[in-house]
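Dear colleague,

Please find below the structure for your review. My notes on its aromatic contacts follow directly after it.

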Amino acid sequence: MIKNILKIIVPKRIVNTYHVLEARVAALRAGLPARKLLVIGVTGTKGKSTTVAMLSHCLTTLGERVAFSSTVQWGMKAKTWPNKSKMTMPGRGELQKFLARAVKSGCTVAVLEVSSEGLAQGRHLGIAFDAAVFLNLTPEHVESHGSFRNYLDSKERLFVSVNRSWRKTLKGKKIPTVIAANVDDPYAFFFLRHAADAHIGFTQTDNLIKSVSGLAILRGQEISCTSTQCTFMIVGEQCVVPLLGAFNVQNALATLSVLDGLGYDRAKGIAALATFAGVPGRMEEVKLGAPFRVFVDYSHEPTSLQAAYSAAKLLEPKRLLTLLGAQGGGRDHAKRGVMGALAAEHADVVVVTNEDPYDEDPEKIIFDVAEAAVAKRKANVIRITDRRTAIGKLLSLGQPGDVLLLTGKGGEEVMAVAKGKLVPWDDRSVLKQEWMAMQR
């Protein structure tokens, strides 16, 4: 409550100055650890956590000692742990402390998921990024930024930070600066215009690419996705990504673009991709021993929800049953109806329930999503406020050959409720508990 009041009464200029000073001081206290690491930043609306994980896996396979941070989890060399903070880029110097630990443990590379909120609050300041990756941009969290332009400008700060007069020398090698961007997205050239030693555009189309001086193109062709993997060609070389969902082709192209720009061997990068096991909570199958298949996915905005439904359809289900909600706390009210309509368009049964209400009335959020689903007149729409009860209901409706898809939480292990509280929650655990209870 006090924090919210302060946000209203304290001028934004003073708040911004505070964030800048906090970030700079934190970097100095930590000993400027980013200068001792090759640092890659990944931003975009969707696919960030998976791309961070892909890059980390490939770089580890190529012999680097990698530290990484994402919305899903953090990792340092062989150890990983879940991110329970509900923050992609934690404040109060936590990111700098993490980088300092990485240096102390002997890491050579850090791969960081970078959010618009974190950039807006200057949490990237004091981190010398060597490579910046742009995946895509859709209007998520626009309300918290005030406008889409502010949202765009926040993302841009990562690419501005790559432009610096000096270069790192690590292990006796001068590290180039790289900007890699998905040129299938109309905003790609907004980010590619910033200075770097290498500019790489990755694409899944055969379209002619807008001319940019020095822009290299990495083009994925002959793309084919099945229920077990995606394959595509790059200049005569076949790439295999052993994951469900066509959206992983974009993440793989982003990964290979960065590796190219930093001078790693492409063939070895492609071989490493073929052994990537995926990310917790991203189209993750939960094995229950049921006559139907169950997946959890983090998708909580329309574009990623559409991608999740498309991935589920690759499994050729008898029926698709889905569970969804929407975030509260002033997070993009407009997307709720869109998500409800999408669910009803793709699924036979739609269960609308609680997700992360924050200080907002869960019933109101559920109403906003469910009304749009009902209006489609295509699916059986069920409203259940309690998420555990809703999961139990979804399981009870499953029949042989069905696919059940739970969205919004994925691999998260907390739920954000009123008064800033984070309560323990894991869809995967609840699924197992409810299924076991049904078998008694």
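Six aromatic pairs are present in this predicted model. One of them joins Phe-159 and Phe-191: the ring centres are 4.8 Å apart and the planes meet at 40°, so this pair is classed as tilted. An angle of 40° is neither under 30 degrees, as stacking would require, nor over 60, as an edge-to-face arrangement would require.

The two partners belong to separate helices. Phe-159 is part of helix H7 (residues 148-162), whereas Phe-191 is part of helix H8 (residues 188-192); the pair therefore ties together parts that lie 32 residues apart in sequence. Phe-159 has 0% relative accessibility and so counts as buried. Phe-191, likewise at 0% relative accessibility, also counts as buried.

Phe-191 takes part in a further pair, with Phe-190. Here the ring centres are 5.4 Å apart and the planes stand at 90°, so the pair is edge-to-face. Phe-190 has a relative accessibility of 15% and counts as buried because the cut-off is under 20%. Through ring pairs, Phe-134, Phe-159, Phe-190 and Phe-191 are linked into a cluster.

Two arginines also deserve mention for their positions over aromatic rings. Arg-193 lies over the face of Phe-190, a member of the cluster, at 4.3 Å from the ring centre. Arg-164 is placed over the face of Trp-166, with a distance of 4.4 Å to the ring centre.

With kind regards

Definitions and conventions:
Residues numbered from 1 in each chain as written. Predicted model: local features only at pLDDT ≥ 70, side-chain atom pairs only at ≥ 80, totals over all residues. Heavy atoms only, no water. Phe/Tyr/Trp six-rings, centres within 6.5 Å; stacked < 30°, edge-to-face > 60°. Helix = DSSP H or I, 4+ residues; strand = E, 2+ residues; numbered from the N terminus. Buried < 20%, exposed > 50% of the residue type's maximum accessible area, 1.4 Å probe, protein only. Lys NZ or Arg CZ within 6 Å of the ring centre and 35° of its normal.
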